[in-house]
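Trainee: Could we go through the contacts in this model together? I'd like to start inside one chain and then move on to the chain pair.

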Amino acid sequence: MAEAKVNKKGPKFPVILVANDLLDGEVVFAAKDGGWTPEPGKAAVADDADAAAELEARGQAEFKANRIVDPYLVEVRIAENGMPVATHFREALRQKGPTVHPDMGKQAEYDVPA
Amino acid sequence: MYRYDEFDERFVRDRVRQFRSQVERRLDGSLSDDEFKPLRLKNGLYLQLHAYMLRVAVPYGTLDSRQLRQLALIAEKYDKGYAHFTTRQNLQYNWPKLKDVPDILDLLADVEMHAIQTSGNCIRNVTSDQFAGVAKDEVEDPRVTAELIRQWSSLHPEFVWLPRKFKIAVTGAEHDRAAIKVHDIGIRILRHAETNEVGYEIVVGGGLGRTPMIGKVVRSFLPKAELLAYLEAILRVYNAEGRRDNKFKARVKILVHETGEEEFRARVEAEYAKLNGPTVNAPEGEVERIAAYFAPPAYETLPERSQALETARASDPALDRFVEQNGFAHKVPGYIALTVSLKGIGEVPGDMTDAQMRAFADIAERYSKDELRVTHSQNLVLPHVKQDDVPEVFAALKANGLATANAGLITDIIACPGLDYCALATAKSIPIAQAISKTFADDDRQREIGELPIKISGCINACGHHHVGAIGILGLEKSGVENYQITVGGDASENAALGERVGPGIDADQVPGAVEALVSVYLRERQGSERFVDTVRRAGLDPFKAGFQAFVSGAGQEAAE
Ligand code: SF4
């Protein structure tokens, strides 16, 4: 259902890899230290095509291993506090949770991009 | 209310068992994502922006208090303490976990509910008039027909994989509250002009979405007993000829449009002639069995108007206003139906907390013959309230934040979940509704403006029915920002019409101002008791375009200053 919001020529770097956890559906990010994290601030950031390809390969392997679904790359910029912030409004919203419920989703549990 | 027989019960329980095993096999890896996705969709389970979403069927929008309490329990235990009523009279949970869904489905089955036919390319849950069985202008309770169609469609082997989803709506009243002209099939129960016999008018090929169309009458009078065979003929033509090559052209509306009304009708009639009607149509006994479930509740014999209510209204302006705005004339003397708005000022349209659901279940049990309805405009209805009880009901609703007197007014806004939840969205929808609601919060002003249904969708799929809003708002993405297109003149009733654009798309923060501008044009132009949509029809689009344009230029000016 959710399709990569990355332009056809390939993404502008930096990027992160986002997916949904199979079991609970939560939005997860490929983490800096391997594995998956629900925390937007802990997402691994890829600055070039090689690093991005590595993230994608990780996503595909974990998709096949039935850990996550719908993995895709998301373009980000790095905020002053060092956090990767999605540049597209849809992806930025996924990093936080519903705007109509600030008490729910990631914004209620973690540090999220401003 | 319809009650499951043994067959229904077994069918639903089997489906839960089956899905439980499918989830287990998905989690242990024996089912791949590609294999599992269609299976979960067949059970109403979507994957949205933040989480899974489970859509629960509320057939023809009718519930009892036991069911609503169970829905509250699920909201509390497996969701975040609330649920959302949709424009198809269904209910959605926004945060269930995959591993919990089989348990949720079991809890639903305990109260004769399920999530079947709420997703996928099948005949979807049938919708109907929220005042079914209650309205004075009704020929017959449409839910009997809706339930008959449910039973026919649930297990129909031929129609499990249609080219695309298929939505049917039924009304039994003169005034169409079920939007039958914008459904794949719309059915109106009516009396034959000469013989007075009760039958059906069958409308095919309506729909919203990317290519909105008003349905065409393919049969102006169908004898009641022939319904299922005739529907089967329509579905057969569609199943065989509907386009499977292009998702955007796969709905029956495109087939009707491309084939031409006359030719489509001829093909349906030819197919119908080939069918062996008696083997398809429901036996009379079965129709009677179903009808018995929808027999009216035991009403008391009461005077037409309640003195107690009149007295209470005279001394309590808030109660008076509530009854005036949200009351609906009941066909039985001394009774009234009440619309209960889920559109408090600034609230999320259609959302209800578990505490509100429980309180509302108690109110329905005590004061409305244990019955409640869900409307396609995301509100609820207490269908059978004794007028004498209205002051108590009003107090109980008020205590639970459910007494907003705005049914049908400018703050009674339909909004799809939009980008706050929906994976397909191109823009937010709910915050737009909230901003408009706050702009027009003043009661007197709302009343002065009168009936004005605003409908908002967060993408071209039009779940928020924006094409048929008196003011319609469609959220799109333009150059990386959310952008909103405004239409006026849409109508979902028997006078169905599609709204027309008043100008170019605007930014989110301009929308309330644009609505103000359109309302000003209406207030200036309206004659007599014209509603907004009547004024658009009579005065035409131009004054609205001009008002909108003036607003947009003015807003641009301000931004530049
Ligand atoms: S109209 Fe679009 S955004 Fe709104 S619920 Fe439907 S698919 Fe989602």
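Mentor: Sure, let's begin with the charges: between domain 1 of chain B and domain 2 of chain B the count is one salt bridge, meaning a side-chain nitrogen of Lys or Arg within 4 Å of a carboxyl oxygen of Asp or Glu. Keep in mind that this is a predicted model, where local features need pLDDT of at least 70, side-chain atom pairs count only at pLDDT 80 or more, and totals for chains, interfaces and linings use all residues. Residues are numbered from 1 along each chain as its sequence is written, chains are lettered from A and ligands numbered from 1 in the order in which they are written, and side-chain values use heavy atoms, with hydrogens and water left out.

Trainee: Which residue forms a salt bridge with Asp8(B)?

Mentor: Look at the closest N and O atoms of the pair, which are 3.4 Å apart. Domain 1 covers 7–110 and domain 2 covers 134–292 in chain B, with bounds from an automatic or database domain assignment. The partner of Asp8(B) is Arg150(B).

Trainee: Which element gives the largest share of the side of domain 1 of chain B that touches domain 2 of chain B?

Mentor: Two elements give two or more residues to that side, α1 (6–27) and α2 (33–42) of chain B; helices here are DSSP runs (H or I, at least four residues) and strands are E runs of at least two, numbered from the N terminus. The largest share is three residues, and it comes from α1(B).

Trainee: How much area is buried between chain B and chain A?

Mentor: Buried area is the accessible area (1.4 Å probe) that two parts lose on being put together, summed over both. The contact (heavy atoms within 4.5 Å) takes 37 residues from chain B and 25 residues from chain A. Carbon and sulfur atoms give 63% of the buried area, and the total is about 2600 Å².

Trainee: Which three residues supply more of the area that chain B buries against chain A than any other three?

Mentor: Their part of that area comes to 22%. The trio is Leu47(B), Leu49(B) and His50(B).

Trainee: And how many salt bridges are there between chain B and chain A?

Mentor: Don't mix them up with polar contacts, which are pairs of N or O atoms within 3.5 Å; within protein, one must be able to donate a hydrogen and the other to accept it, and residues adjacent in sequence count only if both atoms are side-chain atoms. Eight residue pairs are in polar contact there, both at pLDDT 80 or more. The salt-bridge count between chain B and chain A is zero.
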